Amino acid sequence: MAATVLNEAQLELLRMMSVFNTPDAVADLKQAVSNYFAQKAEDEINRMWDEGTLTEEKVESFRTLHERTPYSK
């Protein structure tokens, strides 16, 4: 079996995890990570909106967007 090599950021997260030893602490951590990525997504959407990549017309086009994978029976 191949060994997994962790980078410094991953190792630091593992060291920090040692203090999360209750279900509430784990739930708080999950919420913090979720909030972090939600903020990153919001920042990117705002950037796209400001530079004109994302427009009202583009957002409206999402209403009828169908990207399902067609499956043959």
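Let me start with L11. At 31% relative accessibility, L11 counts as partly exposed, and that is in a predicted model. The class follows because partly exposed covers the values between 20% and 50%. L11 sits in helix α1, which covers residues 8-17.

Which residues join L11 in a nonpolar patch on the surface? They are L6, L14 and M17. Together the four have about 320 Å² of accessible area.

Staying with helix α1, I turn to the charged side chains. R15 has two salt-bridge partners to discuss, E8 and E12. With E8, the N to O distance is 3.0 Å. With E12, the closest N and O atoms are 3.1 Å apart. E12 and R15 are three residues apart in helix α1, so about one helical turn separates them.

How exposed are these three? R15 is partly exposed, because its relative accessibility is 45%. E12 is partly exposed as well, at 37%. E8 is exposed, with a relative accessible area of 53%; the cut-off for exposed is over 50%.

Now helix α2, residues 23-51. Here E51 forms a salt bridge with R47, and the closest N and O atoms lie 2.8 Å apart. Both residues belong to helix α2, four residues apart, which is about one turn of the helix. R47 is partly exposed, since its relative accessibility is 36%. Going back to the other group, salt bridges that share partners join E8, E12 and R15 into one network. For the chain, the count of salt bridges comes to five; the pairs I have named are among them.

Next, the overall picture. How many helices and strands does the protein chain have? It has three helices and zero strands. From the N terminus on, the order is α-α-α.

On dimensions, the C-alpha trace spans about 45 × 40 × 25 Å along its principal axes. The radius of gyration of the protein chain is 20 Å, whereas a compact globule of 73 residues would have one near 11 Å. Buried residues make up 3% of the 73 residues. The chain exposes about 7,100 Å², and 58% of that area comes from carbon and sulfur atoms.

On charge, there are 8 positive and 13 negative side chains. The centres of the two sets lie 10 Å apart.

To finish, three pairs of positions, comparing separation in sequence with separation in space.

The first pair begins with A2, in the segment before α1. A2 is exposed, because its relative accessible area is 70%. How far apart in space are A2 and V33, C-alpha to C-alpha? The distance is 29 Å, with their positions 31 residues apart in sequence.

Then N35, which lies in helix α2. N35 is partly exposed, as its relative accessibility is 44%. N35 and F20 are 15 residues apart in sequence, and their C-alpha atoms are 18 Å apart in space.

The last is G52, in the loop between α2 and α3, where α3 covers 56-61. G52 is partly exposed, with a relative accessible area of 41%. Its partner in this comparison is A25, 27 residues away in sequence. In space, G52 and A25 are 41 Å apart, C-alpha to C-alpha.

To recap on the charged groups: E8, E12 and R15 make up one network of salt bridges, and E51 pairs with R47 in helix α2. As for the chain, its radius of gyration is 20 Å, against near 11 Å for a compact globule of 73 residues, and buried residues come to 3%.

Conventions
Residues numbered from 1 in each chain as written. Predicted model: local features only at pLDDT ≥ 70, side-chain atom pairs only at ≥ 80, totals over all residues. Heavy atoms only, no water. Helix = DSSP H or I, 4+ residues; strand = E, 2+ residues; numbered from the N terminus. Rg over C-alpha atoms; globule rule 2.2 N^0.38 Å. Buried < 20%, exposed > 50% of the residue type's maximum accessible area, 1.4 Å probe, protein only. Areas by Shrake-Rupley, 256 points an atom, 1.4 Å probe, with all protein chains shown as cover. Lys, Arg positive; Asp, Glu negative; His and termini not counted. Charge placed at Lys NZ, Arg CZ, Asp CG, Glu CD. Patch = residues over 30% accessible without salt bridge, like charges linked within 9 Å, V, L, I, M, F, W, Y side chains within 5 Å.
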